[in-house]
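This report describes one protein structure, from its internal space outward to its fold and some individual residues. The structure comes first.

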Amino acid sequence: MEEWRFDENVSRICRNDKEGLREIYEDYCPLIYSVVEEILVNREDAEDVTSDFFIRLWDIAPAYRPGKGHRAWMITIARNMAVDYLRRRKREIPVEEHGEDLHHSQPSCEVRICDRLSLEQAMKTLKREERQIVNLKIMGELTFREIAEILKKPQGTVAWCYQKAMQKLREGKLNG
C-alpha cells in the first residue's frame, strides 16, 4: 500500500470508518503476522498478538503522523507488542511448561495464505537475526536504514547480515 493510501485509511479509522482498518488489515496482516511469529515462534500466540495489533491500530490511529514511513511504524509497534507479550508470559508461566511445541496448531485462513512451505523451510536454515532482517527487507519492503532503526543495530551490520543470509539461501537452493 502506498503511503498516501495508508494515510487516507488512517483518516478513515479516525472517522470510525471500519473500511479503513479492513484495507490496512488485508494489505498488512501477512507482514505483521510474520514479524510477530518470528519473535514468538508460536502460531497461536502470533495470531493473538496480530489480532491485538489491529485492535490497537484502531485505538492509536489518531497518534499516527503521516510521512514518517508507515511500514516501519507498524512493524515497530508489532515487534514491541510481541516482546511485551513474551515478557508477560515469562512472568505468568514457568519455563518447564514451554516444553510442548505448539507451533503445529491449525493456522487461520490468513496464515495459510502467507505460509509457503518452501520459503518457510529455506528461512529455517537462517539464524534468527538473519530471518528477521530478510523478513523486514522483503516482506516489509523496508530500507536497511529503517531496519537498523527497528532492530537498534548499525546499518552496515544489517546490510552485511542481509547479504550473508541471501547468500546462504542461494547456496541452499543450489545444493537442495
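The largest cavity in this predicted model has a volume of about 60 Å³. One cavity of 30 Å³ or more is present in the structure.

**The cavity**

The lining of the largest cavity is made of Ser-34, Val-35, Glu-38, Ile-39, Ile-75, Arg-79, Gln-132, Asn-135, Leu-136 and Leu-151. Three elements each give two or more residues to this lining: α2 (18-40), α4 (70-92) and α7 (128-138). Helix α2 supplies the largest share, with four residues. Sorted by class, five residues of the lining are nonpolar, three are polar and two are charged.

**Fold and surface**

The protein chain contains nine helices and zero strands. Read from the N terminus, its elements follow the order α-α-α-α-α-α-α-α-α. Of the 176 residues in the chain, 43% count as buried. Among contacts with a separation of 6 or more, 66% join residues that lie 24 or more positions apart. The exposed surface of the chain comes to about 10800 Å², and carbon and sulfur atoms supply 51% of that area.

**The nonpolar core**

The largest nonpolar core holds 47 residues, and Ile-24 and Phe-53 have the most contacts inside this core. Two or more core residues come from each of α1 (3-14), α2, α3 (43-60), α4, α7, α8 (144-151) and α9 (155-175). The largest share, eleven residues, is given by α2. Helix α2 thus gives the largest share both to this core and to the lining of the largest cavity.

What does Ile-24 touch, not counting residues up to four places away in sequence? The contacts of Ile-24 are Met-1, Phe-6, Asn-9, Val-10, Ile-13, Cys-29, Phe-54, Leu-57 and Met-74.

**Residues with positive phi**

Most residues other than glycine have a negative phi. Val-41 is not a glycine, yet has a positive phi of about 55°. Val-41 sits in the loop between α2 and α3. With a relative accessible area of 48%, Val-41 is partly exposed, because exposed requires over 50%.

Lys-152 also has a positive phi of about 55° without being a glycine. Its place is the loop between α8 and α9. Lys-152 has a relative accessible area of 73% and is therefore exposed.

**Three further residues**

Leu-126, Lys-153 and Arg-71 can be compared by accessibility and by contacts. The table gives the accessibility of these residues together with that of the two positive-phi residues.

| Residue | Relative accessible area | Class |
|---|---|---|
| Leu-126 | 4% | buried |
| Arg-71 | 18% | buried |
| Lys-153 | 31% | partly exposed |
| Val-41 | 48% | partly exposed |
| Lys-152 | 73% | exposed |

Is Leu-126, in the loop between α6 (117-124) and α7, buried or exposed? Leu-126 is buried, because its relative accessible area of 4% falls under the 20% limit. Not counting residues up to four places away in sequence, Leu-126 touches Arg-131, Val-134, Ala-165, Lys-168 and Leu-169. Leu-126 and Leu-169 are separated by 43 residues in sequence, while their C-alpha atoms are 7.9 Å apart in space.

Lys-153 lies in the loop between α8 and α9. At 31% relative accessibility, Lys-153 counts as partly exposed, since that class covers the range between the buried and exposed limits. Leaving out residues up to four places away in sequence, Lys-153 touches Glu-129, Ala-148 and Val-158.

Arg-71 belongs to helix α4. The relative accessibility of Arg-71 is 18%, so Arg-71 counts as buried, the cut-off being under 20%. With residues up to four places away in sequence left out, Arg-71 touches Met-1, Tyr-28, Gly-140, Glu-141 and Leu-142. Met-1 is also among the residues that Ile-24 touches.

Notes. Residues are numbered from 1 along each chain as its sequence is written. This is a predicted model: local features need pLDDT of at least 70, side-chain atom pairs count only at pLDDT 80 or more; totals for chains, interfaces and linings use all residues. Side-chain values use heavy atoms; hydrogens and water are left out. On a 1 Å grid over the protein atoms alone, a cavity is a set of points where a 1.4 Å probe fits but cannot get out, and a pocket is an open set with protein on both sides within 12 Å along at least five of seven lines; lining residues have an atom within 4 Å of a point. Grid points are joined across faces, edges and corners, and a volume is the space filled by probe spheres set on the points. Ala, Val, Leu, Ile, Met, Phe, Trp, Tyr, Cys and Pro count as nonpolar, Asp, Glu, Lys and Arg as charged, and the others, Gly among them, as polar. A nonpolar core is a set of buried Ala, Val, Leu, Ile, Met, Phe, Trp, Tyr and Cys residues joined through side-chain atoms within 4.5 Å. Buried means under 20% relative accessible area, exposed over 50%, partly exposed in between (1.4 Å probe, protein chains only). Contact means heavy atoms within 4.5 Å. Accessible areas come from the Shrake-Rupley method with a 1.4 Å probe; for residues, only the protein chains shown count as cover.
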